[in-house]
Amino acid sequence: MLSDSSSIDFYEILALARTASAVDVKAAYHRALITHHPDKNTSKPSTVHIATIKKAYEYDVQLQQKIANISSRPAQVISLEDFEEDPVDDTAWTYPCRCGAVYRITESDMEIGSHIIGCSGCSELVWVGFELATED
Ligand SMILES: [Zn+2]
């Protein structure tokens, strides 16, 4: 529903997960600008054009706004307490989606304050409630 075949695959360029949060995307964008900047990448010529990254980022911002509009009323708000610890990864928690797959949140998602988690099996998103650890 959110795919646009005419667009550049921003997620591929930046090696991002489809469920990456706006914060992830922005961080990856800035990282990519540095990585691919001709002045800062003298060792080997970049195959990715800065303009391509900028265009892709603008597209993604629009996409994020589209998602924000769709989910202006979050479909489901789930407390982290309702998640179960991932049996194979103790830095991750899962919650069953009605499609049979799971929503998965990791410690790194929490560290960057990412609350919107996508289902691994369908396009559903949930908002996960958790308290961020207080910084020193
Ligand atoms: Zn699902």
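A residue counts as buried when its relative accessible area is under 20%, and as partly exposed when the value lies between that limit and 50%. The views below show a predicted model.

**View 1. Burial of F83.** With a relative accessible area of 6%, F83 falls under the 20% limit and is therefore buried. This residue lies in the loop between β1 (77-79) and β2 (84-85).

**View 2. The aromatic pair of F83 and Y95.** The structure holds one aromatic pair, in which the rings of F83 and Y95 are 5.4 Å apart from centre to centre, with 35° between their planes, an arrangement classed as tilted. Because F83 belongs to the loop between β1 and β2 whereas Y95 belongs to strand β3 (residues 92-96), the pair ties together parts that are 12 residues apart in sequence.

**View 3. The zinc site.** The zinc ion has as its protein donors the SG atoms of C97, C99, C119 and C122, which lie 2.2 to 2.3 Å from the ion. The angles among the four donor atoms run from 104 to 115°, and the site is tetrahedral. For comparison, the ideal angle for four tetrahedral donors is 109.5 degrees. Along the sequence, the donor residues follow the spacing C-x1-C-x19-C-x2-C.

**View 4. C99 and C122 at the zinc site.** These two donors link distant parts of the chain, since C99 sits in the loop between β3 and β4 (102-106), while C122 sits in the loop between β5 (116-118) and β6 (125-129), 23 residues apart. C99 is partly exposed, at 41% relative accessibility, and C122 is likewise partly exposed, with a relative accessible area of 29%.

Conventions: Residues numbered from 1 in each chain as written. Predicted model: local features only at pLDDT ≥ 70, side-chain atom pairs only at ≥ 80, totals over all residues. Heavy atoms only, no water. Phe/Tyr/Trp six-rings, centres within 6.5 Å; stacked < 30°, edge-to-face > 60°. Helix = DSSP H or I, 4+ residues; strand = E, 2+ residues; numbered from the N terminus. Buried < 20%, exposed > 50% of the residue type's maximum accessible area, 1.4 Å probe, protein only. Donors = N, O, S within 2.8 Å, 3.2 Å for Na, K, Ca; no water. Tetrahedral: all angles 85-135°; square planar, octahedral: opposite > 155°, others 65-115°.
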